[in-house]
Amino acid sequence: MKRALLFLTIILVIASCREETDSKIIVNVQDTSGTPVGKVDVILQGEPTDTIYVSDLANYPLSGITDANGRVEFLFTDFYSTGPDGFTTFQITAVKDTFFSGSGNVILEEGVTTETTVIVE
């Protein structure tokens, strides 16, 4: 009986464990000829009207600078590990030296890596 109870407990613990996967947005910035553009300031601003459960995240603008390959990553795994789920739509703004700019939208979902490209002109 004790073995059966122990076995059942182990099965329940294993079944309740959730594998954590990254919740990430990757933004690639290119010029109009398709060449990656480095040192671009990329800002994500949440759109609260399109937000389900992740309203706290939507209220904070997030920013990063693209690397030499025109790429910047935003990692949200720690936010989701605290419990919220759902999705948030972000408006993307990309600016370099105030001469080049571009914009777009991206949706963040729990456990999903979403990659998008923004063209700066």
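Is threonine 66 buried or exposed? In this predicted model, threonine 66 is buried, with a relative accessible area of 3%; that value falls under the 20% limit, so the residue counts as buried.

Let's look at where threonine 66 sits. Its place is in the loop between β3 (62-65) and β4. Leaving aside residues up to four places away in sequence, threonine 66 touches Val29, Val37, Gly38, Lys39, Val40, Val42, Arg71 and Val72. Its side chain also reaches two backbone atoms, listed here.

| Side chain | Backbone atom reached | Distance |
|---|---|---|
| Threonine 66 | Oxygen of valine 37 | 3.0 Å |
| Threonine 66 | Nitrogen of valine 40 | 2.9 Å |

Two of the residues that threonine 66 touches, Val29 and Val42, lead us on to the nonpolar core. The largest such core has 17 residues, and Val29 and Val42 are among those with the most contacts inside it, along with Ile25, Val27, Leu44 and Phe74. Two or more residues of this core come from each of β1 (24-30), β2 (41-46), β4 (71-75), β5 (87-96) and β6 (100-109). In soluble globular proteins, nonpolar side chains tend to be buried together.

Strand β1 also has a partner to meet: β1 and β7 run parallel and are joined by seven bridges. Within this pairing, isoleucine 25 stands opposite threonine 114 in β7. Threonine 114 belongs to the covered face of β7 (residues 113-119), together with Thr116 and Val118. The uncovered face of β7 holds Thr113, Glu115, Thr117 and Ile119.

Terms used. Residues are numbered from 1 along each chain as its sequence is written. This is a predicted model: local features need pLDDT of at least 70, side-chain atom pairs count only at pLDDT 80 or more; totals for chains, interfaces and linings use all residues. Side-chain values use heavy atoms; hydrogens and water are left out. A nonpolar core is a set of buried Ala, Val, Leu, Ile, Met, Phe, Trp, Tyr and Cys residues joined through side-chain atoms within 4.5 Å. Buried means under 20% relative accessible area, exposed over 50%, partly exposed in between (1.4 Å probe, protein chains only). Helices (H or I, at least four residues) and strands (E, at least two) are DSSP runs, numbered from the N terminus. Two strands pair if DSSP finds at least two bridges between them. A polar contact is a pair of N or O atoms within 3.5 Å; within protein, one must be able to donate a hydrogen and the other to accept it, and residues adjacent in sequence count only if both atoms are side-chain atoms. Contact means heavy atoms within 4.5 Å.
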